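Visitor: I would like a close look at any empty space inside this structure, with each term explained as we go. Please take your time and stay with that one topic.

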Amino acid sequence: MKKQMLAVFDELEKKRRLLKINGKLWGDWPRPEIYNKCSGVIPSKVYTIWAFSNVWKSKFAYAHTAYFLKQGKSVLFINLEVVADECLRWIIQAHDNLDFKEYMDWNCELDSYDNLDIRDDLYKLEDIVKCIEESSADIVFIDFVQNIDAWWSSLYEQSAKIAKTIQQTAIKTKKTIYSLSQLSNSTAREVQNWMNDLTMLKWGWEYYASSDVIFILSKEDWGWMKVKIEKNKFWPKWSAIMLDADLSRNHFTFVRYEDE
């Protein structure tokens with residue numbers, strides 16, 4: 001048998017053993033109420049978070065980051081929207097369960113953040129790919145992909161290039177990549193309750209096609225946020241849960257499934 005195929009069989013055997021022992025390919029994951037429906041958090045896969053503008057997609061990612069750090073995972077957060085220290089503050093508040101007043105009295109325990117790397121100086125697609133390839137992180141967040149520079153002849157071709165490159169990078173590096181993507185309000189309204197096999201986005205079909213799992217976030221009454229599985233390669237789609245959003249501490253608490 002070819003050496004390359006032997007390596008493939010080795011990888012398959014590793015996953016088979018993990019599934020046999022743990023029933024999943026990874027450790028515990030944030031929000032099991034929804035991740036249980038999409039086989040958890042899997043290396044080499046792309047998880048895309050779509051949202052209206054100002055619907056807490058970054059805060060949702062910060063809460064994920066805090067959780068992963070507590071699980072002993074290493075995280076690379078590439079932020080193209082805010083400066084690194086602002087991103088870090090929200091992760092700290094989520095990780096240490098602090099509101100703003102409590103954060104002002106924080107004792108700066110740095111050891112909990114040894115596995116965190118935040119970059120706010122990368123915008124070109126090739127620089128982002130190089131950073132991911134050179135990083136030892138288990139999980140990568142890119143917030144948000146529309147700010148990535150990838151010179152191409154049209155906006156559609158640029159989006160296609162970015163989406164495909166992110167997917168290829170996840171596969172090549174065996175890292176889990178969270179890709180945050182901002183929807184216009186009009187587009188988000190069109191897809192929020194769509195029940196067809198394909199959600200046709202005017203500007204982002206390649207982002208859809210290149211994602212393994214897609215979450216759509218929307219604000220609901222009473223300060224709740226709905227997380228809907230819009231695409232799911234591993235399990236049923238269109239499942240949705242309601243989360244109570246405590247934005248002062250950057251925490252999201254399960255309330256109920258949408259259909260309950």
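Guide: What follows is a walk through the enclosed spaces, then the open one, and then a few residues of interest around them.

This is a predicted model, in which local features need pLDDT (the predictor's confidence in each residue, from 0 to 100) of at least 70 and side-chain atom pairs count only at pLDDT 80 or more, while totals for chains, interfaces and linings use all residues. Residues are numbered from 1 along each chain as its sequence is written, and side-chain values use heavy atoms, with hydrogens and water left out.

The chain has 260 residues, of which 49% count as buried (under 20% relative accessible area, with exposed over 50% and partly exposed in between, for a 1.4 Å probe and protein chains only). In this chain there are 9 helices and 9 strands, which are DSSP runs numbered from the N terminus (H or I of at least four residues for a helix, E of at least two for a strand).

A search of the whole structure gives 2 cavities of 30 Å³ or more. On a 1 Å grid over the protein atoms alone, a cavity is a set of points where a 1.4 Å probe fits but cannot get out, whereas a pocket is an open set with protein on both sides within 12 Å along at least five of seven lines; lining residues have an atom within 4 Å of a point. Points are joined across faces, edges and corners, and a volume is the space filled by probe spheres set on them.

The largest cavity holds about 50 Å³ of space, and the residues around it are V46, T48, A163, I166, S179, Y207, S210 and S211. Strand β1 (46–51) and helix α7 each supply at least two residues of this lining. By class, the lining divides into 4 nonpolar residues (Ala, Val, Leu, Ile, Met, Phe, Trp, Tyr, Cys and Pro count as such), 4 polar and no charged ones, where Asp, Glu, Lys and Arg count as charged and the others, Gly among them, as polar.

One of these lining residues, S179, deserves a pause, and its place is in strand β5 (residues 176–182). S179 counts as buried because its relative accessibility is 3%. Leaving aside residues up to four places away in sequence, S179 is in contact (heavy atoms within 4.5 Å) with V46, Y47, T48, I49, I142, V145 and I166. V46, T48 and I166 from that list also belong to the lining of the largest cavity. From S179 to Q167 there are 12 residues in sequence and 9.7 Å in space, C-alpha to C-alpha.

The second largest cavity has about 40 Å³ of space, and its lining is made of L125, I128, V129, I132, I142, T165, I166, T169 and I177. Both α6 (125–134) and α7 give at least two residues to this lining, and α6 gives the most, with 4 residues. By class there are 7 nonpolar residues, 2 polar and no charged. I166 thus appears in this lining as well as in that of the largest cavity, and I142 is here too, having already been met as a contact of S179.

The open space is of another kind: the largest pocket has a volume of about 280 Å³. Its lining has 12 residues, and K15, P43, S44, K45 and K174 lie nearest the centre. Helices α1 (3–22) and α7 (155–173) each supply at least two of the lining residues, and the classes are 4 nonpolar, 2 polar and 6 charged.

Within that pocket lining, S44 is placed in the loop between α2 (32–35) and β1. S44 has a positive phi of about 75° although it is not a glycine. Most residues other than glycine have a negative phi, and most peptide bonds are trans. S44 is buried because its relative accessible area is 18%. Another backbone detail is the peptide bond from D143 to F144, which is cis with omega near -10°, and F144 lies in the loop between β4 (139–143) and α7.

A last word concerns confidence. The chain averages a pLDDT of 84, and 86% of the residues score at least 70. Over residues 194–202, however, the pLDDT is below 50, although this stretch has 22 contacts in the model beyond near neighbours in sequence. Where pLDDT is low, the predicted coordinates should not be read in detail.
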